[in-house]
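Reader: I have a model open and some spots to go through. Can you take me around, starting with the terms?

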Amino acid sequence: MVLSDRSIREELASGNIVIDPVDIDDIQPASVDVHLDRQILVFRNTRRPYVDVRKSLDGLTDMEEIQDGIPFMLHPGEFVLGSTLEHIELPSHLVARLEGKSSLGRIGLLIHSTAGYVDPGWKGHLTLELSNVSSLPITLYYGMKIGQLSFSQLTVPADRLYGDPSLGSKYQGQTEPSPSKAHEDFTFNNLQ
């Protein structure tokens, strides 16, 4: 069951859903608009000839900051990581789905490749996987509406929440775009 605007407002008022900051005008009929934060993690192709998923991405990315009123130019075919301006927290009985704004999709901006699902127990800013699939550069501004979150109720509350030590949750509490930590999934035994 997807939460309506009324249910979203009730969950926000009760503190079950945390979105900080939140503007009541960002609540849509069945979602909440989220905005782009300042930090953009840019991949630099000059340091290594390829990405090895078994190794840390240290040295492959640089953090840039979007200044007020000055856009970050996302070029055709470019992929960068951004972040929501909002800190988001979910309770044990809800999941969220991050989707792009249709107006931005119509100009070729994708805001996630695969990371659109937000587990119960999540706390932090969401990392955005920003891609330009158009043939022209797209301007990204600090604070612009970048996506929307919809919320669904679980059949029963989750037993183990995101962030539980037994799950190996890698991104709990992040405050800025976080590069992949896929290398942490590899152990010595499965590298052979």
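Author: Contact here means heavy atoms within 4.5 Å. This is a predicted model, where local features need pLDDT of at least 70, side-chain atom pairs count only at pLDDT 80 or more, and totals for chains, interfaces and linings use all residues. Residues are numbered from 1 along each chain as its sequence is written, and side-chain values use heavy atoms, with hydrogens and water left out.

Reader: Fine. Which residues is F79 in contact with, leaving aside neighbours within four places in sequence?

Author: They are F43, S113, E129, L130 and S131. F79 itself lies in strand β6; strands (E, at least two residues) and helices (H or I, at least four) are DSSP runs numbered from the N terminus.

Reader: Is F79 buried or exposed?

Author: Neither: F79 has a relative accessible area of 32%, so it is partly exposed. The cut-offs are under 20% relative accessible area for buried and over 50% for exposed, with partly exposed in between (1.4 Å probe, protein chains only).

Reader: And how far is F79 from S102, C-alpha to C-alpha?

Author: Those C-alpha atoms are separated by 19 Å, with the two positions 23 residues apart along the chain.

Reader: Next, salt bridges. How many does a search of the whole structure find?

Author: Ten. A salt bridge is a side-chain nitrogen of Lys or Arg within 4 Å of a carboxyl oxygen of Asp or Glu. One of them joins D68 to R38, with the closest N and O atoms 2.8 Å apart. That pair links distant parts of the chain, 30 residues apart: D68 is in the loop between β4 (61-65) and β5 (72-74), and R38 is in the loop between β2 (32-35) and β3 (39-43).

Reader: Why is D68 called exposed?

Author: Because its relative accessibility is 55%.

Reader: What does R44 pair with?

Author: R44 forms a salt bridge with D62, at 2.9 Å between the closest N and O atoms. This pair also links distant parts of the chain, with R44 in the loop between β3 and β4 and D62 in strand β4, 18 residues apart. R44 is partly exposed at 28%, and D62 is partly exposed at 25%.

Reader: And R54?

Author: R54 forms a salt bridge with D52, the closest N and O atoms being 3.4 Å apart. R54 counts as partly exposed at 42% relative accessibility, whereas D52 is buried at 13%.

Reader: Which residues are linked in a network of salt bridges?

Author: D26, D33, K101 and K145.

Reader: E86 is charged too. Where does the nearest side chain of opposite charge sit?

Author: That is K145, 9.5 Å away; E86 is buried yet has no salt bridge. For charge, Lys and Arg count as positive and Asp and Glu as negative, while His and the chain ends are not counted.

Reader: What polar contact does the E86 side chain make?

Author: The E86 side chain makes one with the side chain of H35, at 2.6 Å. A polar contact is a pair of N or O atoms within 3.5 Å; within protein, one must be able to donate a hydrogen and the other to accept it, and residues adjacent in sequence count only if both atoms are side-chain atoms. E86 sits in the loop between β6 (79-83) and β7 (87-89). Not counting residues up to four places away in sequence, E86 touches I19, D20, P21, D33, V34, H35, G124 and H125.

Reader: P21 is in that list. Which peptide bond there is cis?

Author: The bond from D20 to P21, with omega near 0°. P21 is in the loop between β1 (18-20) and β2.

Reader: Moving on to S134. Where is it?

Author: S134 is in the loop between β12 (127-132) and β13 (138-140). At 22% relative accessibility it counts as partly exposed.

Reader: What does the S134 side chain make a polar contact with?

Author: With the side chain of N132, at 2.7 Å. A polar atom of the S134 side chain also lies 2.9 Å from the backbone oxygen of L136. Leaving aside neighbours within four places in sequence, S134 is in contact with P76, I107 and G108.

Reader: Last one, L104. Buried or exposed?

Author: Buried, at 13% relative accessibility. L104 is in helix α2 (residues 102-105). Beyond its neighbours within four places in sequence, L104 is in contact with L109, M144, K145 and I146.
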